[in-house]
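Reader: I have a chain in front of me and would like to go through it with you, one question at a time. Could you tie each answer to what can be computed from the atoms?

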Amino acid sequence: MVDIPFSCSCGTVKGHLVDIDRKAGSRITCYCKDCQTAARALGREELLDDRGGSELYQTTPAHIRLDAGEADVACLRLSPKGLMRWYAGCCNTPLFNTLAQNKLCFAGVLVHSVAPEARAPLGPLIAQTFTKGAAGGVPVRQYGFAKTGLNILRRHVRAKFGGRAAMAPFFDPDGTPMRQARILTLEERNAARPE
Ligand SMILES: [Zn+2]
Ligand SMILES: [Zn+2]
């Protein structure tokens, strides 16, 4: 098991993905319009790949440790029911996605926050999801969606029974999120949405 550093673009918010081994998470690329909208709303469209994809490392909160810049962590939601999209307010770097409630031990880490040379322990890409949302060109192949769901459930169960179900740093034990999320207005969301 290894610890892998991550940071926002300006280096204010940083931490480690801890105790990483092959069971700790899975690496996927998501092409959904919501992930693209979030990056665009933060003015960080350049972090998407050339087809609009966001690479994510799906893991549990227990594998995420913030070391610095916690005060700069902010949260965005595309709608009142949207995912919690945690980002570094200092430089608008998207960092993590979680659900709105603390029921499922799940967090997606935006892989751009990990230096390319440190990514190997995150394992191979196992899925490309919501590829209908990919930006123009030949269709992007969709694969691995069911496997990502199964892995998320497996990790949740293992966290619950292994005593690593705490949702810090995102939620207090009583389920209160560490930040109040800013929710985009419909107008803001439509303005940020890709074609
Ligand atoms: Zn920053
Ligand atoms: Zn997505």
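Reader: Is Ala146 buried or exposed?
Author: This is a predicted model, and what follows is computed from it. Ala146 lies in helix H2, which covers residues 145–161. A residue is called exposed when its relative accessible area is over 50%. Because the relative accessibility of Ala146 is 64%, this residue counts as exposed.

Reader: How far apart are the C-alpha atoms of Ala146 and Ser9?
Author: Ala146 belongs to helix H2, and along the chain 137 residues separate Ala146 from Ser9. In space, the distance between their C-alpha atoms is 32 Å.

Reader: How many helices and strands does the chain have, and what radius of gyration does it show?
Author: The secondary structure comes to 3 helices and 11 strands, and from the N terminus the elements run β-β-β-α-β-β-β-β-β-β-β-α-β-α. The globule rule gives 16 Å for 195 residues, and the chain comes close to that, so it is as compact as a globular protein of that length, with a radius of gyration of 16 Å.

Reader: Which residues coordinate the zinc ion (ligand 2)?
Author: The donors of the zinc ion (ligand 2) follow the spacing C-x1-C-x2-C along the chain, and both Cys30 and Cys35 are buried. The coordinating atoms are SG atoms at 2.2 Å, and they belong to Cys30, Cys32 and Cys35.

Reader: Which elements help to cover the buried residues of helix H1?
Author: Helix H1 spans residues 33–41, and its buried residues are Cys35, Gln36, Thr37, Ala38 and Ala39. Cys35 is also one of the residues that coordinate the zinc ion (ligand 2). The cover over the buried residues of H1 includes strands E3, E4, E6 and E7 and helix H3.

Reader: Which strand gives the most to the largest nonpolar core?
Author: The largest nonpolar core has 30 residues, and those with the most contacts inside it are Leu17, Tyr57, Ile64, Trp86 and Phe96. At least two residues of this core come from each of the strands E1, E2, E5, E6, E7, E8 and E9. The strand that gives the most, with 3 residues, is E7.

Reader: Which residues of the other core can be named?
Author: Apart from the largest core lies another one, which has 8 residues. Cys30, which is buried and coordinates the zinc ion (ligand 2) through its SG atom, is among them, and so are Leu56, Leu110 and Ile126.

Reader: Which residue in E8 stands opposite Trp86?
Author: Strand E7, with residues 84–88, is joined to E8 by 5 bridges, and the two run antiparallel. Strand E8 covers residues 93–98 and is mostly covered, since 6 of its 6 residues are buried. Between the strands of this hairpin there are 4 residues, and Asn92 takes a positive phi near 55°. The residue in E8 that stands opposite Trp86 is Phe96.

Reader: Which residue in E9 stands opposite Asn97?
Author: Strand E9, with residues 107–110, is joined to E8 by 2 bridges, and these two strands run antiparallel. Opposite Asn97 stands Gly108.

Reader: Which residues does Pro121 contact beyond its neighbours within four places in sequence?
Author: Pro121 is found in the loop between E9 and strand E10, and because its relative accessible area is 29%, Pro121 counts as partly exposed. Leaving those neighbours aside, the residues in contact with Pro121 are Val2, Ile4 and Ile20.

Reader: What is the relative accessible area of Phe130, which has a positive phi although it is not a glycine?
Author: Most residues other than glycine have a negative phi. Phe130 has a positive phi of about 50° and is found in the loop between E10 and H2. Phe130 is partly exposed, because its relative accessible area is 43%.

Reader: What is the omega of the peptide bond from Ala168 to Pro169?
Author: Most peptide bonds are trans. Pro169 is placed in the loop between H2 and strand E11. The bond from Ala168 to Pro169 is cis, with omega near 5°.

Terms used: Residues are numbered from 1 along each chain as its sequence is written. Chains are lettered from A and ligands numbered from 1 in the order in which they are written. This is a predicted model: local features need pLDDT of at least 70, side-chain atom pairs count only at pLDDT 80 or more; totals for chains, interfaces and linings use all residues. Side-chain values use heavy atoms; hydrogens and water are left out. Donors are N, O and S atoms within 2.8 Å of the metal (3.2 Å for Na, K and Ca); water is not among the atoms, so sites may look incomplete. Buried means under 20% relative accessible area, exposed over 50%, partly exposed in between (1.4 Å probe, protein chains only). Two strands pair if DSSP finds at least two bridges between them. The radius of gyration is taken over C-alpha atoms; the globule rule is 2.2 Å times the number of residues to the power 0.38. Contact means heavy atoms within 4.5 Å. A nonpolar core is a set of buried Ala, Val, Leu, Ile, Met, Phe, Trp, Tyr and Cys residues joined through side-chain atoms within 4.5 Å.
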